[in-house]
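Please open the structure in a viewer and keep the sequence at hand. The tour below proceeds by selections, each followed by a description of what is found there.

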Amino acid sequence: MDIRIFQKGFNFSQDGPGNRLVYHLQGCNLRCPWCSNPEGLSFHGGTVYPIEEIVDEIRRSSLMFFDGGGITLTGGEASMQFDAIKELLRIVHDEGIHTCIETNGTHPDLPELFPYLDLIIMDVKHYDCERHKSVTGVSCENTFHNIISAIAAREDIALRIPLIGGFNSSREDAEHFAALFQELGVPGHATLELLCYHEYGKSKYDSLSLPYTMDDKAFISSQTLKSFREILSASGLTLVTT
Ligand code: SF4
């Protein structure tokens, strides 16, 4: 089995604990207009590796996984190469290597990966699935189901909201997110991180001849962030900053 990757390398503590070998898998089913990795959206491109080659690389790197490190699969959307990552995770998890996935949570079979994952980092971009679909192209119902499944399976789960002005960052949005997380049983069972919009990926759009449609209204003020944090904390959620 093969795995298609557009970037790989070590990163400390941003994509899970400790020093991690992070694999960016090619291809995503969503089209978030703020995406900072547009080179990873297409299901073509990148480099194709046999799984055995990646497993070898991970084994050779094991001394580098200090401070609780390991591997992280991200993207693109790593779950789009479902069978390949299931096999990869099974092998390295069985060898005691810490495994993490960063995912948009929309793959319906995501719980099949849970036995091979030590940490699940999942984006929750909106509480309203229609709005989610109108902006990203895909509904978020599966994400909600997968959060419920992860909590039921007592998985270590870290939720993230990418805060985007004009999309999901008003006071009313914060109250809706708080209500959603209560309904899903999140308080006490998952952490939550707020990631403010940035335009780090902007220059890549030009080089790929893709339009960048975000504007300055997407930036989040410190007051908006503070108020968002207060509303979510007050509803019993554990907010973290990595
Ligand atoms: S889910 Fe992530 S990788 Fe996919 S388009 Fe959205 S931000 Fe980009």
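What radius of gyration would a compact globule of 242 residues have, and what does the protein have? A compact globule with 242 residues would have a radius of gyration near 18 Å, and the value for the protein, 18 Å, agrees with this. Please note that the model is a predicted one.

**The whole chain**

Begin with the complete protein in view. Along its principal axes, the C-alpha trace spans about 50 × 45 × 30 Å. The secondary structure consists of 7 helices and 9 strands. Of the 242 residues, 38% are buried. Consider next the contacts between residues at least 6 apart in sequence: 75% of them join residues at least 24 apart.

**The sheet**

Now select the strands. They form an open sheet of 9 strands with mixed pairing, in the order S3-S1-S2-S4-S5-S6-S7-S8-S9. At its edges are strand S3 (47-50) and strand S9 (238-239), each of which pairs on one side only. In general, the strands of a sheet pair through backbone hydrogen bonds, in a parallel or an antiparallel sense. Both senses can be followed in the next selections.

**Strands S1, S2 and S3**

Select strand S1, residues 2-12. S1 pairs with S3 in the antiparallel sense over 4 bridges, and within this pairing Ile3 stands opposite Tyr49 of S3. S1 is also joined to strand S2 (residues 19-25) by 7 bridges, again in an antiparallel arrangement. Here Ile5 is the residue to select, and Leu25 in S2 stands opposite.

Move on to the turn that links these two strands. S1 and S2 form a hairpin with 6 residues between them. Within the turn, select Ser13, whose phi is positive, at about 65 degrees.

**Strands S4, S5 and S6**

Next, select strand S5, residues 98-103. Is this strand mostly covered or uncovered? S5 is mostly covered, with 5 of its 6 residues buried.

Add strand S4 (residues 70-74), which runs parallel to S5 and is joined to S5 by 4 bridges. Two pairs of residues mark this pairing: Gly70 has His98 of S5 as its bridge partner, and Ile71 stands opposite Thr99. Then add helix H2 (residues 82-94), which makes a right-handed β-α-β unit together with S4 and S5.

Continue to strand S6 (residues 119-123), which is parallel to S5 and joined to S5 by 4 bridges. The bridge partner of Cys100 in S6 is Leu119.

**The approach to S4**

Select Gly68, in the loop between helix H1 (51-60) and S4. Is Gly68 buried, partly exposed or exposed? With 14 other C-beta atoms within 10 Å, Gly68 is partly exposed, because a residue counts as buried at 20 or more such atoms and as exposed at 12 or fewer. Leaving aside residues up to four places away in sequence, Gly68 touches Pro17, Gly18 and His98. Now select Glu57, which is 11 residues from Gly68 along the chain; the C-alpha atoms of the two are separated by 18 Å.

**The ligand and its surroundings**

Display the ligand. Which residues surround the ligand? They are Cys28, Leu30, Arg31, Cys32, Cys35, Asn37, Gly40, Leu41, Gly75, Gly76, Glu77 and Asn104. By class, this shell has 5 nonpolar, 5 polar and 2 charged residues.

Two members of the shell deserve a separate selection. Gly75 and Gly76 are joined by a cis peptide bond, with omega at about 5 degrees. Gly76 lies in the loop between S4 and H2.

**Two loops with positive phi**

Select Arg154, in the loop between helix H4 (141-152) and strand S7 (157-163). Phi of Arg154 is positive, near 55 degrees, in a residue other than glycine. Arg154 is exposed, with 9 other C-beta atoms within 10 Å.

Finally, select Ser209, in the loop between helix H6 (202-207) and helix H7 (222-234). Although Ser209 is not a glycine, it has a positive phi of about 55 degrees. Ser209 is exposed, with 6 other C-beta atoms within 10 Å.

Methods
Residues are numbered from 1 along each chain as its sequence is written. This is a predicted model: local features need pLDDT of at least 70, side-chain atom pairs count only at pLDDT 80 or more; totals for chains, interfaces and linings use all residues. The radius of gyration is taken over C-alpha atoms; the globule rule is 2.2 Å times the number of residues to the power 0.38. Two residues are in contact if their C-beta atoms, placed from the backbone, lie within 7 Å. A residue is near a molecule or strand if its C-beta atom, placed from the backbone, lies within 6 Å of it. Ala, Val, Leu, Ile, Met, Phe, Trp, Tyr, Cys and Pro count as nonpolar, Asp, Glu, Lys and Arg as charged, and the others, Gly among them, as polar. Two strands pair if DSSP finds at least two bridges between them. A crossover is right-handed if, with the strands pointing away from the viewer, the path from the first strand over the helix to the second runs clockwise.
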